[in-house]
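Here are some notes to read with the model open beside you. Go through them point by point and find each residue as it comes up.

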Amino acid sequence: ARLKGLLAEQQQLLDEHLASAAAGDDMSGALSAEVARVKAQLEKERERQKEMDAEAEERDRDLLAALDDIEKLKTEAASNAGETEQRYMTEIQDLKRQVAEAQAQGSQQAQAAVAPYEAELEQLRSEMSELKETAAGWEEAAVNAEEKSEKIQEEAEADRRRLASMDQQLALVHDKYKRECKLRRKIHNQLTDLKGQIRVFCRVRPLSKKELANGHEEVVHFPEDDMLIVSGAGEKADKEFEFDRVYNPEHSQSNVFEDTEPLVTSVLDGYNVCIFAYGQTGSGKTHTMEGPKEDPGVNSRALRELFKLSNERADTETITIKASLLEIYNETIRDLLSSDQSKKLDVRQGSDGVYVPELSVVPVSCQEEVDQVMEHGKKNRSTHATNMNEHSSRSHCILSIYSESKNLTTGMVHVGKLHLVDLAGSERVGKTDATGDRLKEAQAINKSLSSLGDVISALTSKQSHVPYRNSKLTYLLQDSLGGDSKTLMFVNINPAGENQQETMCSLNFASRVRMVELGTASKHVAGGSPSSTPKKKSISK
């Protein structure tokens, strides 16, 4: 079609040239040439047109053949599609039927499965409704409680103010009570000095780790600072004891010495003083008298105080202090400061009282020297383990301090003695399972303590004869128990219920001791020249 258009245009152009040629002869030559050229070109175009027409016819034939094939395919596809559609429709119908059946069956199962949950849901809805009602009640109660809380806080604040006022009043009353107790104790001590009564301090140790592990309970209680109560066993009633001072397990070594100090310091004024600890084995006697290095007991603190006073009086007095240390083991006196432990010693009565001839006496001028003396003696003391105490003292130990104070102005000499006694523990042989040497020791200890009890009984009943010489212990303590000494006894007790019987025995004995009246203590003055203690042998440190 394009070619035909070109030919038409060329024909028109030719016609125009021919018309022009007719119009002008002068252009005929050129026009002829142009015409010839156009005719040649036109001829080529016609040949080309023929070829293209031939090609078009061939394409048309091919196209028609292809259209026939397509038509056949369409017919075949339509036939196949019909068959496929029919088959698919059948399958779809089957599937729809199966789905309907499954839906019906599933609906029934779902309804069966959901039914219990619907009931539970209904119950939960009911509970939720109740909870909402309860919450509403709580909210109302919370509002009321808040109002009440504010009111209570106001009342509490008023109570706090009242309590603060009462606390102040109580503090004043407590201070007044403490002053009254101190004054009462002072008056009691003065009365005790006038009567010459033996002061008795009771000290209760805490329960040991072993006792706590075994489930033992304390049977001792402390209503006042001079009173204790022992709970009764079984149907027995509680028993109350009153002493000059009672120390519970919380009291320290310094608390104990605070009340002991006035007696100790009177030694430098020429008085004889005796302090001894009594109680069952394992009740804390050695701890009270000696104590550990880091927390010393009465012995070390007493000497420390004596040296302190000695230094304070250095401008007005010349004071010398000496010490001896012995033990009574199986009724045998042993010099703990002597290198010869086989030396036999005995008790004698002299012009200055009871003494032990040839007993080693060491001059001491400071606490360090005393510590050396005590450490040396401690190594020689007899101690062994028993069922009642792992380090039981198997002897009575007596540390004696001799002071001589010369007044630099008057020349008057005051001679004083301080006996610090750690008695061996009283014990029941059956409870300690002692055998052999331990049994012999226990029997000797109990015999000497029994003799001490006989002496106390005789003094309490004011008998004409007091059996001091029934044992070495009571013979050595004769000046302290029956002379003009100031005497203090510590009764140490174990608070555990399993030791209640021993505790009662110790407290009853201490109560009898407290009734003993020795008479008014007096100073020991040696005129214008120094007096000496009984003849003793001095040894080097």
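**Notes on a predicted model**

1. Let's start with a pair of helices: α4 and α6 lie oblique to each other. This is a predicted model, so keep that in mind throughout. Helix α4 covers residues 253-265 and helix α6 covers residues 298-312, and the angle between them is about 50°. Their axes are 10 Å apart. An angle of about 50° is called oblique because it falls outside the ranges for roughly parallel (under 35 degrees), roughly perpendicular (65 to 115) and roughly antiparallel (over 145). As for handedness, α4 and α6 make a right-handed crossing.

2. Which residues of α4 and α6 meet? On the α4 side, look for Q253, S254, V256, F257, T260, E261, V264 and T265. On the α6 side, they meet V298, R301, A302, E305, L306 and L309. Sorted by character, the residues in this contact are seven nonpolar, four polar and three charged.

3. Now zoom in on Q253, which sits in helix α4. Is Q253 buried or exposed? Its relative accessible area is 4%, and since buried means under 20%, Q253 counts as buried. Skipping neighbours within four places in sequence, Q253 contacts R203, H287, T288, G291, P292, D295, P296, G297 and R301. You have met R301 already: it is one of the α6 residues in the contact with α4.

4. Next, have a look at the loop between α4 and β6 (272-279), where V267 is placed. V267 is buried too, with a relative accessible area of 0%. How far apart are V267 and V415 in sequence and in space? They are 148 residues apart along the chain, yet 7.9 Å apart from C-alpha to C-alpha. Leaving out neighbours within four places in sequence, V267 touches V273, L306, S403, G416, K417 and L418. L306 should ring a bell, as it also belongs to the α6 side of the contact with α4.

5. A second helix pair is worth comparing: α9 (residues 437-460) and α12 pack at about 40°, and their axes are 9 Å apart. That angle makes α9 oblique to α12. This crossing is left-handed, whereas the one between α4 and α6 is right-handed. From α9, the contact uses L452, G453, I456, S457 and T460, and from α12 it uses F509, R512 and V513. These residues divide into four nonpolar, three polar and one charged.

6. While you are at α12 (residues 500-514), find S506, which is part of this helix. S506 is buried, with a relative accessible area of 3%. Not counting residues up to four places away in sequence, S506 is in contact with Y278, G279, Q280, V491 and I493.

7. Finally, zoom out to the whole chain. How many helices and strands does the protein chain have? There are 12 helices and 17 strands. Of its 541 residues, 37% count as buried; Q253, V267 and S506 are buried examples. Among contacts with a separation of 6 or more, 72% link residues 24 or more positions apart. The chain exposes about 31800 Å², and carbon and sulfur atoms supply 52% of that area.

Terms used
Residues are numbered from 1 along each chain as its sequence is written. This is a predicted model: local features need pLDDT of at least 70, side-chain atom pairs count only at pLDDT 80 or more; totals for chains, interfaces and linings use all residues. Side-chain values use heavy atoms; hydrogens and water are left out. Axes are lines fitted to C-alpha atoms, for helices over the stretch in contact, and angles run from 0 to 180 degrees between N-to-C directions. Helices (H or I, at least four residues) and strands (E, at least two) are DSSP runs, numbered from the N terminus. A crossing is left-handed if the near helix is turned anticlockwise from the far one by less than a right angle, and right-handed if clockwise. Contact means heavy atoms within 4.5 Å. Ala, Val, Leu, Ile, Met, Phe, Trp, Tyr, Cys and Pro count as nonpolar, Asp, Glu, Lys and Arg as charged, and the others, Gly among them, as polar. Buried means under 20% relative accessible area, exposed over 50%, partly exposed in between (1.4 Å probe, protein chains only). Accessible areas come from the Shrake-Rupley method with a 1.4 Å probe; for residues, only the protein chains shown count as cover.
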